[in-house]
Amino acid sequence: MRYDLTRLGAQEFEEMSQSLTIAVLGGAVSVFGAGPDGGREATFEGRMRYPQPEPASGPWNGYGILQAKFRRTAGQTGPDTDWFLGEVRKELENWVKVGARRTTKGRLPQYLVFSTNVVLSPDPGRGGIDKVDQLIRHYVTTKGLELKDWAVWHHDQICRFLDVHDGVRRTYSGFTLTGDVLSEAYRALTSLKPDQVPPTDFSTLLTGQAAKELMAQQWVRLGQAGAPNNRKLQLSNVAIDLPAQLEPGPDGESHTEAVEGVVAHIVQHGNRIRRGKPASADLPHLTVVGGPGQGKTTLGQLLCQVYRVALLSERPSHTLGPDVPEMLRRYQDHLSTLNIPTPRCNRWPVRVALSQFADALAVRPSISLLDYIADLARATGPINALMTRAWLREWPWLVVLDGLDEVADPETREATLSAVRDFLVDAAQAEADLLVVATTRPQGYRGELSPAYYRQLTLQPMRADNSLEYAEHLARLQYTDDPEMHDLLVQRLRTAAAEPLTARLMHTPLQVTIMTLLLERRARAPQDRHGLFEAYYKTLYEREVGKDTPDSRLLEQQRNNIDRVHERAGLLLQIRAEHAGEAEAHLPERDLRSMIHDRLVEEGYDEEKATWMAGRLLVLATDRLVLLVGMPRATIGFEVRSLQELMAGRALFTAGDAKLLEVLKHLAVSAHWRNTWLFAASRVFVEHEPLRSDMILMLQELDTTDSLAGWLMPGARLALDMLDEDIAAQQPRYTQLLLTRALRLLDTYPGDTVNRLMSVVHRITSRDLDLIRLVLDAIDTRISSHGKATVTALDALAAWAQHPGDASISARSRVDKIRNNPPPALEEAVHELRMYSSNEIWQRQGLDRPRGERETLDSVLLRSVAEAHPPSDQRSRLERAAELLTQSTTLTADFRDPELQRSIIELVNGLDPRLWRHATEVHQLLQHWHTRQPVDVDVIVGLTKPPAQEL
């Protein structure tokens, strides 16, 4: 078979050469990684299985060296040969040069192997093969190079080796097999029985599947946003790569890294990992964590398209269908402008919406993720589960697991995670070359995707210049033929980007897209996220009402009823999404029609008119307003989850003020309801001024309902979220009250939450320098307490000091003073932070951090119980709490026991302050469990007034 070795890259070719050396020679082979190698990619010593067939003089027996020579632009035999001869000559000179380090410090080889990706002509006497052989022989016979034998593994020889050595071939197949050679994928099915193999060529099925998915996944969610004529926006026109922060790995040695573009980073990562490569060398999988509307799903969609483009670009265009070649060209042009490289390792892309998979699990608990992927592929042709398993073994894969946060039911979530773990086991047994990329919101995520296998990428806000550039790009697409409107829109966008409050509403692609639409019709942008989404809905409505058609007149007349239907649908779907089997949150079309009908009957319409009008309004709501859209299997849902949550938040207000506060308090802790809660809270501060003080009081009450709440402080966490949303940005009094409540988090433990607190503190104090004293007093109080809060306060001070600007000057001054000359009372705490804090300020001290595994949580907890010498009954309670904390792979309903909760708090509070990292672990564990508890539906379900059969 012919292989394209030029796509490997220098490092990959070197690694493949090393693998072939092990496979071909046998014996004791040692490989060397990147860096100075003394002229060797690998060494071997002893009796080899080479050459074959074995010559009369016997096989190689002694010490030898491999040297790999990769030419990126290989393709012309004459220049390639000259280049390779020059490379070989340089290496040989270093072996015979008197006084060279290689000869004085190194060990002289008896055997040499040169591997190269260039093609050498076999023409006797004149071809490249003989020229290289003559060159090496010249150094042996005339320059004193003492070699017993040598070999040149050129392109054709390496291809023969790959044919024979299946394991190496499969490891690098994604790099070396071209589109034409994809037809050889049929070899993946050689182990299957004839009745298990489709009558169609397998490569045709796979190409067809990729081409169909390329076309099917070409549209952006919320595609109509910014399109004045309901024209959808194509991913190949508007896709954007996003910045992220690569979080430290579990080795304790890696650090946070800035990533300019997530998709580009993942493509490069996909080029590096290979089957058989130890996980410790490079964590094989990635988790992309980002907030609502930050573009996680679109990134996964774009990533899969990048790999489909790479696979299909090498296929003859006449085999792809009439529209695919043009679509490929558009993607290639756009990806080039985004600086997203073409994958060198051609992975087969699969995208799984985890909410849909979770619903499938609820119906068929025995279905595996691999079987589910086979079901998805079966929609494009006769591809069965056995074929899918064979293909996983044969070809590199990319699997995007989208939306873990949308699986809210705890039991279903654990079943889904278990299926993902089982899939990784299946892939390992198949020796698969697999890259998994999972996406989730941060709310309620506690690293369930094992840090031992997944490295986390945390999406960052778009920079102001990138946001504006993206907005102007959307404006060009919308108003190509209207330069006057284009210029006006761009001017408004630039004004919005220059104002601090509105600039914060242009940090995600969704926000920028909505902002572009809004500023077509209004001179100024909204001031908060709730206002942004609310204005989006109203703008869509006004756009349709303004068209002066029978439909627009009906929309105007029925505005109140359509509003209520959207709200009820949003709330009902939000309720359903929290329960097993309904994570996908779709309504059957008949249910939505029934909901509209019931609303009209409530308003006094007779049965006949309500039935007719329900059909008309259903069409208008889904076809014209486009918040509710058609989904698979004759269902309807919100295409963008944030819009569902907006409408659910609006629905809460139909109960009246007193009931509203009761419901908000009930929903406050839930991670699933967090975005809905924040939308509602923002509306309270804008439209319901008398309730503002009650909201602040509610936050305080949330932290005092029981001992667990007092320990976890859900009210303080909500205050932080409200500050981060700028909910009270125009009310300084309430900003100060929220900040005071949020600063109670300094009484918890160091970690991501406290770091986020100080990031928000820095932004708020930059706007209002008078608040700096409030923050510093809170920190000073905790530092001087010399208790568990001391370490947290010191770490918070360091987190604040890392931010530039005037607001953090005092923090930088204080932390520098403490760090460089700690008072005796703080020496131990400072030492602990230097050893273990993730904040870079402490890491700059130059101390060698401890390596290897730290003491386990169960060991720490049980040792602490023993050292405390509690009475026997108390001891048994604490030991039970320690056992449950450390042995449960999932957080079960056992934690509902108030006595157990008090025991856990007592156990952790009794730890030595130096063990704050273990205390943090337990605190995060309970926090995650607390936010993942389903809410009592009865408290809120009456607000939807749905028919009984809908529940």
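**View 1. Helices H26 and H28 pack against each other in this predicted model.** Helix H26 covers residues 641–651 and helix H28 covers residues 674–687; the two pack at an angle of about 50 degrees, with 8 Å between their axes. Angles from 35 to 65 degrees fall outside the roughly parallel and roughly perpendicular classes, and H26 and H28 are therefore oblique to each other. As for handedness, H26 passes H28 in a right-handed crossing. On the H26 side, the contact is made by Ser642, Glu645, Leu646, Ala648, Gly649 and Arg650. H28 brings Asn675, Thr676, Phe679, Ala680 and Arg683 to the contact. Sort the residues of this H26–H28 contact by character and you get four nonpolar, four polar and three charged.

**View 2. Ile575 sits in helix H23.** Pick out H23 as residues 559–576 and you'll find Ile575 in it. Is Ile575 buried or exposed? Its relative accessible area is just 4%, and buried means under 20%, so Ile575 counts as buried. Now add Val941 to the view: Ile575 and Val941 are 366 residues apart in sequence, yet their C-alpha atoms are 7.9 Å apart in space.

**View 3. Seven strands make an open sheet with mixed pairing.** Reading across the sheet, the order is S7-S6-S12-S8-S11-S10-S9. Strand S7 (257–259) and strand S9 (348–353) stand at the edges with a single partner strand each, so one side of each has no neighbour in the sheet. Ignoring direction, neighbouring strands here are turned by 20 degrees against each other on average. At the S9 edge, S9 and strand S10 (residues 397–402) run parallel and are joined by six bridges. For one pair to zoom in on, take Val350, whose bridge partner in S10 is Val399.

**View 4. Helix H10 packs on the seven-stranded sheet.** The strands that H10 touches are S6 (244–246), S7, S8 (285–289), S11 (434–440) and S12 (454–459). Compared with the direction of S8, that of H10 makes about 170 degrees. How many of the eleven residues of H10 are buried? Nine of them are, which leaves this helix (residues 262–272) mostly covered. The buried set is made up of Val262, Val263, Ala264, His265, Ile266, Val267, His269, Gly270 and Asn271.

**View 5. Strand S11 is mostly covered.** Seven of the seven residues in S11 are buried. Which residues of S11 point one way, and which the other? Leu434, Val436, Ala438 and Thr440 go one way, while Leu435, Val437 and Thr439 go the other, and all are buried. Within the sheet, S11 runs parallel to S8, with four bridges joining the two; among the residues involved, Val289 has Thr440 as its bridge partner in S11. S10 also runs parallel to S11, and here the strands are joined by five bridges. Look for Val400, which has Val437 as its bridge partner in S11.

**View 6. Another open sheet has five strands and mixed pairing.** The order is simple to follow: S1-S2-S3-S4-S5. What stands at the edges of this sheet? Strand S1 (28–31) and strand S5 (149–153) do, each with a single partner strand, so one side of each is left without a neighbour in the sheet. From one strand to the next, the twist averages 15 degrees. Strand S4 (residues 111–116) and S5 run parallel, with five bridges joining them. In this stretch, Phe114 is found opposite Val152 in S5.

**View 7. Helices H2 and H4 join the five-stranded sheet in this close-up.** Helix H2 (residues 77–96) packs on the sheet, where it touches strand S3 (61–69), S4 and S5. The direction of H2 makes about 150 degrees with that of S4. Helix H4 (residues 128–142) lies across S4 and S5. Against S5, H4 runs at about 155 degrees.

**View 8. For context, the whole protein has 43 helices and 15 strands.** There are 951 residues in the protein, and 57% of them count as buried. Take the contacts with a separation of 6 or more: residues 24 or more positions apart account for 70% of them.

Definitions and conventions. Residues numbered from 1 in each chain as written. Predicted model: local features only at pLDDT ≥ 70, side-chain atom pairs only at ≥ 80, totals over all residues. Heavy atoms only, no water. Axes fitted to C-alpha atoms, helices over the stretch in contact; angles between N-to-C directions. Parallel < 35°, antiparallel > 145°, perpendicular 65-115°, else oblique. Left-handed = near helix turned anticlockwise from the far one by under 90°. Contact = heavy atoms within 4.5 Å. Nonpolar A, V, L, I, M, F, W, Y, C, P; charged D, E, K, R; others polar. Buried < 20%, exposed > 50% of the residue type's maximum accessible area, 1.4 Å probe, protein only. Pairing = 2+ DSSP bridges.
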